Amino acid sequence: MAIDERKSLSSNIMQNIVLENREKLSISGVLDVLSFDDQIVILETDLGLLTVKGENLKINKLSIDTEEVIVEGEIYNLGYSEKDTDKKGTGFLNKIFK
């Protein structure tokens with residue numbers, strides 16, 4: 001599904017994010033886990049890419065069938081960004097050699 005299609009469907013999409021004591025994060029509407037380690041988790045959600053930053057992060061529950069993820073650890077930051085697959089040549093090296 002393209003980003004433009006997602007934007008048009010975003011009024012019908014419901015996503016819940018529950019953060020308990022900055023230690024337990026429950027997220028619904030997760031399509032895929034793109035990357036994770038003990039300091040950063042990057043999730044593809046119905047509403048865009050969600051980046052979770054912190055320390056000692058671990059994924060306690062991952063269910064692609066129910067689109068739910070639970071992340072535990074010391075959570076410092078949550079941020080959304082759009083997955084931009086249509087842009088080419090916007091990487092760091094392409095900017096230097098422009």
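Strands are DSSP runs of at least two residues, numbered from the N terminus. In this predicted model, six strands form an open sheet with antiparallel pairing. The briefing covers the sheet, two hairpins, two asparagines with positive phi, and a nonpolar surface patch.

**Sheet**

- The strand order across the sheet is S1-S2-S6-S5-S4-S3.
- S1 and S3 (30-36) are the edge strands, and each of them pairs on one side only.
- On average, neighbouring strands of the sheet are turned by 35 degrees against each other, with direction ignored.

**Hairpins around S4**

- S3 and S4 form a hairpin, with three residues between the two strands.
- The pairing of S3 with S4 is antiparallel and runs over five bridges.
- Within the S3 and S4 pairing, Ser 35 stands opposite Ile 42 of S4.
- S4 (residues 40-45) also pairs with S5 in the antiparallel sense, over six bridges.
- S4 and S5 form a hairpin as well, here with two residues between them.
- Thr 45 has Gly 48 of S5 as its bridge partner.
- Ile 42, which stands opposite Ser 35, has Thr 51 as its bridge partner in S5.

**Asparagines with positive phi**

- Asn 21 is not a glycine, yet its phi is positive, at about 55 degrees.
- Asn 21 is located in the loop that lies between S1 (17-20) and S2 (24-28).
- Asn 21 counts as exposed because its relative accessibility is 68%, and the cut-off for exposed is over 50%.
- Asn 56 also has a positive phi, near 55 degrees, and is a residue other than glycine.
- Asn 56 is placed in a strand, namely S5 (residues 48-63).

**Nonpolar surface patch**

- Ile 17, Leu 19, Leu 47, Leu 78 and Tyr 80 make up a nonpolar patch on the surface.
- Together, these five residues have about 390 Å² of accessible area.
- S1 supplies at least two residues of the patch, and so does S6 (68-81).
- Leu 19, one of the patch residues, is in S1, an edge strand of the sheet.
- The relative accessible area of Leu 19 is 37%, so this residue is partly exposed; that class lies between the limits of 20% for buried and 50% for exposed.

Definitions and conventions:
Residues are numbered from 1 along each chain as its sequence is written. This is a predicted model: local features need pLDDT of at least 70, side-chain atom pairs count only at pLDDT 80 or more; totals for chains, interfaces and linings use all residues. Side-chain values use heavy atoms; hydrogens and water are left out. Helices (H or I, at least four residues) and strands (E, at least two) are DSSP runs, numbered from the N terminus. Buried means under 20% relative accessible area, exposed over 50%, partly exposed in between (1.4 Å probe, protein chains only). Patches are made of residues with over 30% relative accessible area and no salt bridge: like charges are joined within 9 Å, nonpolar side chains (Val, Leu, Ile, Met, Phe, Trp, Tyr) within 5 Å. Accessible areas come from the Shrake-Rupley method with a 1.4 Å probe; for residues, only the protein chains shown count as cover. A salt bridge is a side-chain nitrogen of Lys or Arg within 4 Å of a carboxyl oxygen of Asp or Glu. Two strands pair if DSSP finds at least two bridges between them. Axes are lines fitted to C-alpha atoms, for helices over the stretch in contact, and angles run from 0 to 180 degrees between N-to-C directions.
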